[in-house]
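Subject: the structure I promised you

Hi,

Here is the structure we talked about, so please open it next to this email. My notes on what turned up are underneath.

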Amino acid sequence: MTTSCGGSVHSLVLTPSTSAAEYARNSIRLARRGYIVSAADYSEPILVQARDNVSRNQLSDRITIGREDILNLSFPSGHFDLVLCWGVLMHIPNAERAIS
C-alpha cells in the first residue's frame with residue numbers, strides 16, 4: 001500500500017463506487033492520511049453500510065458519503081484535487097464519459 005497518492009494534506013478526494021472499496025475502506029485510508037474525502041455510490045444499501053463503517057472509524061468529519069451517478073456527478077468540474085476510482089470503470093458501459 002502506498003503512503004501517499006499525491007496532492008497535499010487536506011486535498012479534496014472523490015472516491016466513486018464506495019462498494020468497490022468494501023464500504024468506504026479506501027476512503028477511510030485516505031482520511032486517516034489527512035485527505036478530505038467525498039465517497040459516492042449509486043446504491044443506497046451500500047451507502048448505509050459505508051456510513052456505518054465511517055462512523056465506526058470516527059471519520060465522519062473527514063468523509064462525506066452521498067448518492068451519485070458516476071455519469072452525472074453533482075460536483076462542479078475541477079472540484080476535486082484527486083479521484084480514486086478503484087474497481088468501477090470496467091462496469092461502466094461508457095467509461096470515457098465517466099472519466100471526462
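Let's start with L14, which sits in strand β1. One thing to keep in mind as you read on: this is a predicted model. Is L14 buried or exposed? Its relative accessible area is 4%, and anything under 20% counts as buried, so L14 is buried. Leaving out residues up to four places away in sequence, L14 touches S38, A40, L73, F75, F80, L82, V83 and L84. Try finding C85 as well: C85 and L14 are 71 residues apart in sequence, yet their C-alpha atoms are 8.1 Å apart in space.

That kind of long-range meeting shows up across the protein. Among contacts with a separation of 6 or more, 71% are between residues 24 or more positions apart.

Now zoom out. The protein has three helices and four strands, and along the sequence they come in the pattern β-α-β-α-β-β-α. The four strands make an open sheet in the order β3-β2-β1-β4, with parallel pairing. At the edges are β3 and β4 (82–83), each of which pairs on one side only.

Next, have a look at β2, residues 36–41. How many of its six residues are buried? Five are, so the strand is largely enclosed by the rest of the structure. On one side, five bridges link β2 to β1 (residues 12–16), and the two run parallel. You can spot L12 opposite I36 there. Five bridges also link β2 to β3 (residues 63–67), again running parallel. In that pairing, D41 stands opposite R67, and V37 has I63 as its bridge partner. To get from β2 to β3, the chain passes through helix α2 (residues 44–56), and this β-α-β crossover is right-handed.

Helix α2 is a nice one to practise on. With 13 residues at 1.5 Å each, α2 should span 18 Å, and its end C-alpha atoms are indeed 18 Å apart, which agrees. Which residues of α2 are buried? They are I46, L47, A50, N53 and V54. Looking down the helix axis, you'd see these buried residues fall within an arc of 125 degrees, so they line one face of α2. That buried set packs against α1 (25–32), β2 and β3. On the face turned away from the buried side, you'll find the exposed residues P45 and R56. After α2 comes Q58, which has a positive phi, near 55 degrees.

Last stop: the inside. Of the protein's 100 residues, 37% count as buried. The largest nonpolar core has 15 residues, and those with the most contacts inside it are V13, Y35, V37, V54, L59, I63 and I65. At least two residues of this core come from each of α1, β2, α2 and β3.

I63 is a good residue to click on here. Besides being the bridge partner of V37, I63 is one of the residues with the most contacts inside that core. Ignoring neighbours within four places in sequence, I63 is in contact with S27, I28, A31, V37, A39 and V54. V54, you may remember, is one of the buried residues of α2.

Have fun clicking around, and shout if anything is unclear!

Cheers

Methods
Residues numbered from 1 in each chain as written. Predicted model: local features only at pLDDT ≥ 70, side-chain atom pairs only at ≥ 80, totals over all residues. Heavy atoms only, no water. Buried < 20%, exposed > 50% of the residue type's maximum accessible area, 1.4 Å probe, protein only. Pairing = 2+ DSSP bridges. Right-handed = clockwise from strand over helix to strand, strands pointing away. Contact = heavy atoms within 4.5 Å. Expected span 1.5 Å × (residues − 1). Arc of directions from axis to C-beta. Core = buried A, V, L, I, M, F, W, Y, C linked by side-chain atoms within 4.5 Å.
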